Amino acid sequence: MQRRLIALLAVLAMVMAACTTAAEDTPTTGGDGDTPATSGDGTTPDDGTTDTTGPAVLPQDEGGVLAAVQDRGAVNCGVNDAVPGFGFSTAEGEFAGFDIDFCKALAVALFGDVEAVNYQPLTAQQRFTALQSGEIDVLIRNTTWTATRDGSEGATFLHTTFYDGQGMMVTADSGIESIEDMENASVCVLSGTTTELNLATRFDSAGIPYTPQTFEDNETLQSAFAAGQCDGWTSDKSQLAGVRSNYPDSQGGPESLVILEETFSKEPLGPAVSDGDSQWAQIVDWVVIATILGEELGIDSTNVDSFADTEDAEIRRFLGLEITDEEGNTSIFDPGLGLEPGWAGDVIREVGNYGEIFDRNLGPDTPLGLDRGLNALWTDGGLLYGPPYR
Amino acid sequence: MTTEPATTPARVPLWRDTRILRAFIQIVGLGVVALIVYVLWFNLTNNLRRQGISTSFDFLRRPGGVNVADAPISAGAPVTRFIWLGIKNTFALALPGIPLLTLIGILVGVGRLSTNWVVAKLSALYVEVLRNTPPLLVIFVAFYVLILPLPTVADPATPLNLFVITNRRLSVPWFESVGANASTLWWVVLGAAVVAYLIARWRTRVNERTGEPHHRVLWSIGFFAVVTVAAWLILGRPVGISVPKPAGRIVEGGLSGLGAYFAVLIALVLYTASHVAEIVRGSILAVPRGQSEAANALALSGFQRLRFVVLPQAMRIAIPPIINQYLNYVKNTSLAIAIGFSEVTLIVFQLIGNGYPAPQLVLLLMGAYLIFSLTISILINLINRRLQLVGR
């Protein structure tokens with residue numbers, strides 16, 4: 001009799017335990033306890049990191065990330081909300097920027113709707129935990145692609161969206177003209193970034209003594225910099241340009257700051273997804289490539305619909321238009337990425353090609369005023385080179 | 001129940017036997033806890049394995065690559081060195097902070113009960129404002145309002161030519177070793193301090209035995225001063241005073257702390273002291289009124305009444321809850337991360353940012369705080385046991 005009672009209680013306990021895991025699982029899978037939804041307490045270092053907006057997904061769940069995203073009807077996109085030009089929230093509370101546009105491009109490719117994105121602002125330190133735990137489907141948050149991050153952080157980096165490099169910003173009246181002038185200087189840097197490592201490498205290898213001042217967020221860092229706590233502010237040059245363009249006039253305005261000539265690191269920034277779901281990774285990869293191919297093929301958001309009658313087979317394949325072969329059969333090219341034919345055309349129409357995205361957020365007509373530089377097409381001497389769409 | 005021998009000897013069925021039921025419930029409870037722990041552990045290890053994240057601790061010997069201000073180690077030092085550095089910096093917040101917050105807490109707690117209207121109201125205002133504010137906010141206020149507006153390093157303030165005040169760091173004059181015998185002198189000073197303490201105890205005992213004035217402060221400090229000065233002269237003046245001087249972008253000499261350090265220290269000391277003040281006030285109110293009336297009857301002055309009658313009894317009541325505040329203080333130092341003081345939490349998070357595995361590092365971090373808390377609890381409990389009234 002009591003053995004039955006033990007069995008009953010044991011079963012009850014197991015159901016309870018299964019429910020606690022299932023509660024955070026996707027509602028579509030049953031609470032069988034075998035598909036744990038979170039990585040356990042250990043991977044969430046701080047209570048500030050666990051604020052899930054949608055059901056968490058791990059690649060090993062049935063159907064992968066793509067199925068979960070389609071069920072949800074929106075992409076959970078991990079972004080920055082404090083870097084002008086790349087990822088920031090506007091006065092109206094909307095997210096905008098270069099990285100944000102790639103989130104939108106992904107949403108258009110999947111749902112045909114730029115609004116189908118849940119933006120999840122993350123700090124530099126939260127981002128990989130959020131990716132590992134499935135809180136976000138894709139991380140597009142000016143994140144540098146490095147071997148350790150690929151190898152040990154459970155992340156897979158995809159096609160680089162922006163080739164950046166680290167620089168140093170100082171005040172114009174400081175008299176600093178190069179890193180060599182910065183002996184004993186105090187340098188402000190954001191914690192949890194590759195920037196920190198590069199800073200140490202650059203100064204230590206040159207034997208220049210310095211004091212690092214590490215900050216969690218750009219706002220506190222900017223206050224400390226403005227108050228004169230630091231002589232220099234080091235970050236990716238694009239970010240420094242963004243900060244400089246937005247520097248308040250009360251503190252001297254953009255002209256009071258100088259970004260030093262020297263670039264002391266390679267910073268390829270691109271989207272990252274969680275390891276273990278190659279289908280999802282390919283989709284994100286090809287959404288980025290599609291914007292580059294769009295520019296390469298001369299397709300932009302204003303003229304995309306004028307290509308309906310084009311003879312160019314590559315463009316017809318790219319836009320998902322009907323292709324007639326020699327025997328008169330018509331077909332629509334589907335590379336098998338798991339996206340609806342014509343997705344690339346939708347992306348260009350709704351968000352634009354790479355050049356448009358760049359010009360809108362970072363280009364010469366924006367406050368950042370960046371040149372294309374390395375981020376020009378390979379045909380123009382840059383590094384952007386999209387694999388063929390066939 | 002029905003187990004008394006007086007009733008009929010009919011066997012109680014097992015499922016109604018209280019002894020068996022109690023044991024059974026405990027076993028089930030244990031089983032449930034074990035199961036929950038197992039499920040959590042299984043979740044963790046399984047997910048880590050699936051995502052190809054290593055669960056070993058080999059990374060501890062690899063280079064940390066963290067930037068720490070004033071660090072004696074370069075960024076290439078191993079991860080363990082950085083964790084130790086973080087623990088040291090947390091300790092640097094705890095060590096001066098705990099005595100300071102105790103002192104302020106007691107003063108404000110007593111002040112709240114003062115018959116002086118201004119003192120009482122000011123103390124109440126202090127307690128109510130700080131006690132009802134999140135500590136993170138207090139830290140930000142201290143950083144933005146107290147530290148950042150200080151003079152920049154280009155134009156430092158040097159009051160009395162002894163201190164250097166900038167918003168980067170604050171420096172005070174400090175000892176510096178100039179001779180070869182400096183370490184010998186420090187050992188002598190340490191020995192003298194121990195002997196001075198023993199002298200104070202001896203004088204106390206003499207006072208208790210014979211009733212003659214103990215003069216223990218005079219005796220012990222006099223002994224300490226004579227021995228220290230004599231040793232300093234005999235050893236050839238091996239220790240001098242170094243006065244801080246601004247030198248370009250840094251400050252040379254003296255003892256200096258980063259602005260962020262002082263912001264965290266000031267903010268958390270004031271914040272925690274407000275909680276201690278409430279505990280002290282409550283404990284004083286818990287001392288029976290008859291005690292202070294009796295002290296009054298003995299013609300003790302107001303200060304003597306507090307110092308010899310009320311506070312000793314109140315502190316016995318106050319110590320256990322105050323330990324909690326000490327532990328809170330140490331745990332709250334992790335908020336220093338917000339303004340970038342490199343205590344252990346920030347360093348561990350930076351290591352995670354550098355690609356080292358979060359689960360293992362967070363485990364180590366939890367261990368570090370556990371050791372901090374246990375050490376404080378054990379130390380204070382030892383003091384508590386000595387102060388505790390012996391039950392009669």
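Ala82(A) stands opposite Phe88(A) in strand β3 of chain A, in a model that is predicted rather than determined by experiment. The two residues belong to a pairing between β2(A) and β3 (residues 87-89) of chain A, which run in the antiparallel sense over two bridges. Strands here are DSSP runs of E with at least two residues, while helices are runs of H or I with at least four, and both are numbered from the N terminus. Two strands count as paired if DSSP finds at least two bridges between them. Together, three strands of chain A form an open sheet in the order β2-β3-β4, with antiparallel pairing. At its edges stand β2 (82-83) and β4 (95-96) of chain A; each has a single partner strand, so one side of each is left without a neighbour in the sheet.

A further set of pairings centres on β9 of chain A. Five of the six residues of β9 (residues 166-171) are buried, so this strand is largely enclosed by the rest of the structure. A residue is called buried if 20 or more other C-beta atoms lie within 10 Å of its own, exposed if 12 or fewer do, and partly exposed in between, with C-beta atoms placed from the backbone. β9(A) pairs with β12 (residues 232-236) of chain A in the antiparallel sense over five bridges, and there Thr234(A) is the bridge partner of Met168(A). β9(A) also pairs with β13 (residues 257-259) of chain A, again antiparallel, over three bridges; in β13(A), Val258(A) is the residue opposite Val170(A).

Chain A also meets chain B. Here 54 residues of chain B are in contact with 54 residues of chain A, contact being C-beta atoms, placed from the backbone, that lie within 7 Å. On the chain B side, the elements giving two or more residues are α1 (18-50), α10 (344-353) and α11 (358-387). Of these, α1(B) gives the most, with 14 residues.

How confident is the predictor in chain A, on average? The mean pLDDT, a per-residue confidence from 0 to 100, is 82 for chain A, and 84% of its residues reach 70 or more. Confidence in chain A is lowest in helix α1 (residues 2-22), at a mean of 48, and highest in strand β6 (residues 138-139), at 96.

Residues are numbered from 1 along each chain as its sequence is written, and chains are lettered from A and ligands numbered from 1 in the order in which they are written. In this predicted model, local features need pLDDT of at least 70 and side-chain atom pairs count only at pLDDT 80 or more, whereas totals for chains, interfaces and linings use all residues.

Methods:
Two residues are in contact if their C-beta atoms, placed from the backbone, lie within 7 Å.
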